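Subject: Structure handover

Hi,

Here is the structure I promised to pass on. Please have a look at it first, and then read my notes underneath.

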Amino acid sequence: MENLHLYDFLPSGNGYKVRLLLTQMGIPFERIEVNILKGESRTPEFLSKNPNGRIPVLEVAPGKYLAESNAILLYLSEYTEFLPYDRYLKAQVMQWLFFEQYSHEPYIATSRFWVSILGKAEEYRTALEEKREPGYAALKVMENHLKYHNFFVDERYTIADIALFAYTHVADEGGFDLTQFPAIQAWIERVKAQPGYISITHEPMLCYDW
């Protein structure tokens, strides 16, 4: 893969998923900041890349764009150690990717966005309270799985872990207390110990030597 361009917003967990995987795979890429707070993802130029007006977007070849963070993870990880070859195990990875987008991200990530990115916790107080129960429910599903497994699929680090790690490890920034989830906390440390790990606020260089 050459000349990859990642249209991204640095605080975004969805963008971070792609940054982290690209870095751990040692794939060079150029990160292009798109400030969603200033409406930069709603310009005609950006909408020509992703009509849905959301980041991240990965330009995989000149004029060829791919949106949706978990779809990008699948695209990049195919035929690599980050995605199992076995059909059943691969489907399990996808199962967790769907869980992340449907049962996890709408509550954990949205709360973080309102509280820590927009700084409007009081304005969104009622909506935040509504997201507490389903957010904690998602964390409990993860906790119960991680009590018996080191990682989410096949006892090894895959894109399922990357997808769930992105917003889980900063869940406290949205008001979720992770101290009651010891298995999740231990898993977070295992993810951070993986080769090539970068933090969510790290701006990657153009090339890597992992």
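What follows is a run through the overall fold, the salt bridges, the odd backbone spots and one glycine.

First, the ground rules. This is a predicted model, so to speak of local features I need pLDDT of at least 70, side-chain atom pairs count only at pLDDT 80 or more, and totals for chains, interfaces and linings use all residues. Residues are numbered from 1 along each chain as its sequence is written, and side-chain values use heavy atoms, with hydrogens and water left out.

**Overall fold**

The chain has 7 helices and 4 strands. Helices here are DSSP runs of H or I with at least four residues, strands are runs of E with at least two, and both are numbered from the N terminus. Read from the N terminus, the order is β-α-β-α-β-β-α-α-α-α-α.

The radius of gyration is 17 Å, which agrees with the value near 17 Å expected for a compact globule of 210 residues. That radius is taken over C-alpha atoms, and the globule rule is 2.2 Å times the number of residues to the power 0.38. The C-alpha trace spans about 45 × 45 × 30 Å along its principal axes.

Of the 210 residues, 49% count as buried. Buried means under 20% relative accessible area, exposed means over 50%, and partly exposed is in between (1.4 Å probe, protein chains only). About 10,500 Å² of the chain is exposed, with carbon and sulfur atoms supplying 52% of that; the areas come from the Shrake-Rupley method with a 1.4 Å probe, and for residues only the protein chains shown count as cover.

Contact means heavy atoms within 4.5 Å. Taking contacts between residues at least 6 apart in sequence, 69% join residues at least 24 apart.

On charge, there are 20 positive and 28 negative side chains, and the centres of the two sets lie 3 Å apart. Lys and Arg count as positive, Asp and Glu as negative, while His and the chain ends are not counted. Each charge is placed at NZ of Lys, CZ of Arg, CG of Asp or CD of Glu.

**Salt bridges**

Side chains of opposite charge can pair when their charged atoms come close. I count a salt bridge when a side-chain nitrogen of Lys or Arg is within 4 Å of a carboxyl oxygen of Asp or Glu, and the structure holds 11 of them.

- Lys90 and Glu78 meet at 3.0 Å, N to O. Lys90 lies in helix H4 (residues 87–117) and Glu78 in the loop between helix H3 (69–77) and H4, so the pair ties together parts that are 12 residues apart in sequence. Lys90 is partly exposed at 22% relative accessibility, and Glu78 is partly exposed at 30%.
- Lys49 pairs with Glu45, with the closest N and O atoms 3.8 Å apart. Lys49 is buried at 13%, whereas Glu45 is exposed at 57%.
- Arg156 pairs with Asp154 at 2.9 Å between the closest N and O atoms. Arg156 is partly exposed at 26%, and so is Asp154 at 39%.
- A network of salt bridges links Asp8, Arg19, Arg31, Glu33 and Glu203.

**Backbone spots to look at**

Most residues other than glycine have a negative phi, and most peptide bonds are trans. These are the places I would point you to.

The peptide bond from Ile55 to Pro56 is cis, with omega near 0°. Pro56 sits in the loop between helix H2 (44–47) and strand E3 (57–61).

Tyr79 is not a glycine, yet its phi is positive at about 65°. Tyr79 belongs to the loop between H3 and H4 and is exposed, with a relative accessible area of 66%.

Glu155 also has a positive phi, near 55°. Its place is the loop between helix H5 (125–146) and helix H6 (159–168), where Glu155 is partly exposed at 41%.

**Gly175**

Which residues does Gly175 contact, leaving aside its neighbours within four places in sequence? They are Arg132 and Tyr136. Gly175 lies in the loop between H6 and helix H7 (182–192) and is partly exposed at 41% relative accessibility. The C-alpha atoms of Gly175 and Val115 are 7.8 Å apart, with their positions 60 residues apart along the chain.

Cheers
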